[in-house]
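Biologist: I should be grateful for a close look at a single part of this model, namely the sheet and what surrounds it. Please describe the arrangement of the strands, and then turn to one residue in a neighbouring loop.

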Amino acid sequence: MALKHPRAPGREAAERDYAPLFGLEPGRLSRHRCGQEELPPDVAYQIIHDELMLDGNARLNLATFVSTWAEPQADRLMAECFDKNMIDKDEYPNTAEIETRCVNILSQLWHAPDVSQATGCSTTGSSEAAMLGGLALKRRWRKARIAAGKPAGQPNIVMGINVQVCWEKFANYWDVDMRLVPMEGNRFHLTADEAVKACDENTIGVVAILGSTYDGSYEPVAEICAALDDYQARTGIDVPVHVDGASGGFVAPFIDPDLAWDFRLPRVASINASGHKYGLVYPGVGWAIWRDAAALPEDLIFWVNYLGDNMPTFALNFSRPGAQVVMQYYNFLRLGFEGYRAVQQYARDVATGLSARIAELGPFELITKGDELPVFAFKLRDDISNYTVFDVSNALRERGWLLPAYTFPKNREDLAALRVVVKRGFSHDMADFLVSDLKRVLPRLEKQPAPVHDNKSGSGFHH
């Protein structure tokens, strides 16, 4: 979430008179201080409603992986649960039971060895779930080092530089050296050989990403595990794998069922995923699942009884809403395996079809085509010098599209790309409109004598 900070950009927002509404006299609106007087509820609603009209249309946001559409029945269930505190399992036992069912379903979906011993929890998002997975890796490594009489003060974690910022936060907040494998040439994510090169006896784990946010590609989890098996055979060093399945954890099981990336691989200790991405839930829920209870150190679990029952908790947050967990279960119940398969396959079909049509336009070259995650990235041809991907992104904003333009990270900062995230609610029909609007803006851009926007001036998007 955004941090209020003196150096952060912001809008000027002076106190102003608000408009007379519903026969009421105008009054003074205070934006950054608590006003002295009450406002009528209809006036307060209208003021905020009008300000929010300046937000972008979420359905046209091709940058976000987060769900922007749901069935009205799911909306209604969420509204019925807005007042339920997920942590209060004694007061809301059925909501707690629904969370347990979701953990069981995900454990089965990700091939945990014994679903009856399913171990996991819901979180406020995949970032929190990732940090819980990282904490468990660090604690397991530390206990093993101490038991062996070895120093435990310099832990490191290995991952590709394409990881989401939550992993940088984990390493920073919990004092773990982050060994980032940079991109090289056309290698845009972590590979098995590069992962092993970065490991040593202080490595708490390797993070493999099932669906890179930069280009939608899957990292080769099975190859990474096999290379670490060989590494252990040669050195005796046992390095577990955590799979960041923020997006792919709700895609691969349904449309890539033969892909081994999950607990079928014995080296995979834990998995995180975002229910509010391809899990099809509105923002506010993630999942952390361990292969079994032994993978989650007991001393990380807190038992509390001050809400009426003695219950275990492992989370960075305490109180949080139950509505998103209920919506997750609604999706499992409503769609089932075949329903999820149909939704995700449709998204992939839209992505691959759209990427092919964009490639046919002429100025663009595909980096990926949306055949793993329903996400693809593309760039301008190298011989185009009079406009940039940032110019393309800004031109499409005029039509309401939020199409992110960004540069790749270290060692490939020369590569600037556009990315399309196809998710539920983005149809073939909408893809047609996007292609039409690209065709509309390209002639104007092609007449530009020189680029107008770059990565500093062209977009508010930051990876």
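Modeller: In this predicted model, seven strands form an open sheet with mixed pairing, in the order β3-β9-β8-β7-β6-β4-β5. Its edges are formed by β3, residues 119–123, and β5, residues 177–181, each of which pairs on one side only. On average, neighbouring strands of the sheet are turned by 20 degrees against each other, direction ignored.

At the β5 edge, the pairing partner is β4, which covers residues 156–160; the two strands run in the parallel sense and share five bridges. Within this pair, valine 158 has arginine 179 of β5 as its bridge partner. In general, strands of a sheet pair through backbone hydrogen bonds, either parallel or antiparallel.

A helix also lies across part of the sheet. Helix α4, residues 126–147, lies across β3, β6 (203–209), β7 (241–244), β8 (268–274) and β9 (286–290). Relative to β8, helix α4 runs at about 165 degrees.

The loop that links β5 to α6 (192–197) contains histidine 189. Histidine 189 has a relative accessible area of 18%, and it therefore counts as buried, the cut-off being under 20%. Its side chain makes a polar contact with the side chain of serine 217, at 2.9 Å. Apart from neighbours within four places in sequence, the residues in contact with histidine 189 are Asn162, Ser217, Tyr218, Glu219 and Pro220. Serine 217 thus appears in that list as well as in the polar contact between side chains.

Conventions
Residues numbered from 1 in each chain as written. Predicted model: local features only at pLDDT ≥ 70, side-chain atom pairs only at ≥ 80, totals over all residues. Heavy atoms only, no water. Pairing = 2+ DSSP bridges. Helix = DSSP H or I, 4+ residues; strand = E, 2+ residues; numbered from the N terminus. Axes fitted to C-alpha atoms, helices over the stretch in contact; angles between N-to-C directions. Contact = heavy atoms within 4.5 Å. Buried < 20%, exposed > 50% of the residue type's maximum accessible area, 1.4 Å probe, protein only. Polar contact = N/O pair within 3.5 Å; in protein donor to acceptor, adjacent residues only side chain to side chain.
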